[in-house]
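Colleague: Please take me through this model feature by feature, with the general idea before each case.

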Amino acid sequence: MRLLMLSAEDVRRAVPMAEAIEIVKGAFAQLSTGKATVPLRTQLPVEKHGGITLFMPAYLSETDALGAKIVSVFPKNLDRGLPTIFAIVIVVDSETGCPVAIMDGTYLTALRTGAASGAATDFLARRDAKVAAIFGAGAQARTQLLAVCTVRKIETVWVYDVVRERAEAYAAEMKGFGPIPADIRIASSPAEAVREADIICTATTSSSPVFNGEDLKPGVHINAIGSFTPQMQEVDETTIRRANKIVVDFRSACLAEAGDLIIPMNKGIISEKDIYAEIGEIAAGLKPGRERDDEITYFKSVGNAVQDVSVARRVLEKARELGLGKEVEI
């Protein structure tokens, strides 16, 4: 059996953010219209080391994409100078069932997660959005900002991290990169970050809310991608209560895993019927996105394997075109 091995740099070269956003829109549309088979991902807690490993397979019938991702989230890695997230993605030939490629999934995870927020921002944020706020300064925060700036002409960015030095390093690295503006400011508090924001992205491993929903201005759009367990609550109940549209990547997954929604549901603040749509329903044209400038819109993503498998399939196609990667016999 021959496998094509692809590095993070190969993935970067193969699929830029703008293309990833369009791929993810299509993947979510398939998910919400019954054209994808995606078992609820298996979570394997590693309590001894404060981490978790997830196993995520998917098959998309419309595009005939098949594969799986294994991803670990170990927050203590920050103290070791290591990424919080490590992952690999396996692409499987849907005709034969033979694995054909294995690729770095750490950058791919950041890419497809950013692309999901890019898709949601394109559907839900105001067209005239100019100010973005980013919570967190890790790998996910980098692709969140890149995606937002790909679909909206952002002029000013506020970044907040509990470790100011990380925010400063983030700002120095990201300013002026591609569509990202040079005007990136370090917020001294969460309130300073969100008060003028038209688009907010939360990309942290926090188990408690990272900003106060009372500080949000009308018309803001929020992408919440950090919390992924029932106990994690990155966005507070005030924000959820104020949101005119609550949109999720996949209802069953968010109802099982997203503390941002589960905790207020358990308190009776919202119910399942308050979820307006899956992002795939909007992508498929089944429901409208933003309808008024003053709407507060909220997108919750816990991540779905259709994103990984769809982007990975395109990475493989481009890698073959460009001669990327290394074939190995196993």
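Colleague: Is Glu291 buried or exposed?

Modeller: Buried means under 20% relative accessible area, exposed over 50%, and partly exposed in between (1.4 Å probe, protein chains only). Glu291 has 52% relative accessibility, so it counts as exposed. Before going on: this is a predicted model, in which local features need pLDDT of at least 70 and side-chain atom pairs count only at pLDDT 80 or more, while totals for chains, interfaces and linings use all residues. Residues are numbered from 1 along each chain as its sequence is written, and side-chain values use heavy atoms, with hydrogens and water left out.

Colleague: With which residue does Glu291 form a salt bridge?

Modeller: Side chains of opposite charge can pair when their charged atoms come close. The term salt bridge is used for a side-chain nitrogen of Lys or Arg within 4 Å of a carboxyl oxygen of Asp or Glu. The partner of Glu291 is Lys245, with the closest N and O atoms 2.8 Å apart. This pair links distant parts of the chain, 46 residues apart: Lys245 is in strand E13 (residues 245-248), and Glu291 is in the loop between helix H10 (279-283) and strand E15 (297-300). Helices (H or I, at least four residues) and strands (E, at least two) are DSSP runs, numbered from the N terminus. Lys245 counts as buried because its relative accessibility is 3%.

Colleague: How many salt bridges does the structure hold?

Modeller: The structure holds 29 salt bridges. Among them, Arg251 and Glu278 meet through their side chains at 4.0 Å, N to O. That pair also links distant parts of the chain, since Arg251 is in helix H8 and Glu278 in strand E14 (residues 275-278), 27 residues apart. Arg251 is partly exposed at 23% relative accessibility, and Glu278 is buried with a relative accessible area of 7%.

Colleague: By about how much of the helix are Arg313 and Glu317 separated?

Modeller: They are separated by about one helical turn, because they are four residues apart in helix H11 (residues 305-322). Arg313 and Glu317 form a salt bridge, with the closest N and O atoms 3.6 Å apart. Arg313 is partly exposed with a relative accessible area of 31%, and Glu317 is partly exposed with 33%. Elsewhere, salt bridges that share partners join Glu22, Lys25, Asp122, Arg127 and Arg152 into one network.

Colleague: Now the empty space. What is the volume of the largest pocket?

Modeller: Rolling a probe the size of a water molecule over the atoms shows where empty space is left. On a 1 Å grid over the protein atoms alone, a cavity is a set of points where a 1.4 Å probe fits but cannot get out; a pocket is an open set with protein on both sides within 12 Å along at least five of seven lines; and lining residues have an atom within 4 Å of a point. Grid points are joined across faces, edges and corners, and a volume is the space filled by probe spheres set on the points. The largest pocket has a volume of about 940 Å³. Its lining has 40 residues, with Thr84, Gln140, Ala203, Thr204 and Thr205 nearest the centre. H3 gives the largest share of this lining, four residues.

Colleague: How do the residues of that lining divide by class?

Modeller: Ala, Val, Leu, Ile, Met, Phe, Trp, Tyr, Cys and Pro count as nonpolar, Asp, Glu, Lys and Arg as charged, and the others, Gly among them, as polar. The lining of the largest pocket has 20 nonpolar, 14 polar and six charged residues. The second largest pocket has a volume of about 390 Å³. It is lined by 15 residues, and Arg12, Tyr107, Arg142, Thr143 and Glu173 lie nearest its centre. H3, H4 and H5 are the elements that give two or more residues to the lining of the second largest pocket.

Colleague: How many cavities of 30 Å³ or more does a search of the whole structure find?

Modeller: The search finds one. The largest cavity holds about 90 Å³ of space. Of its 13 lining residues, Val38, Pro39, Arg41, Gly303 and Asn304 lie nearest the centre. The lining of the largest cavity divides into nine nonpolar, two polar and two charged residues.
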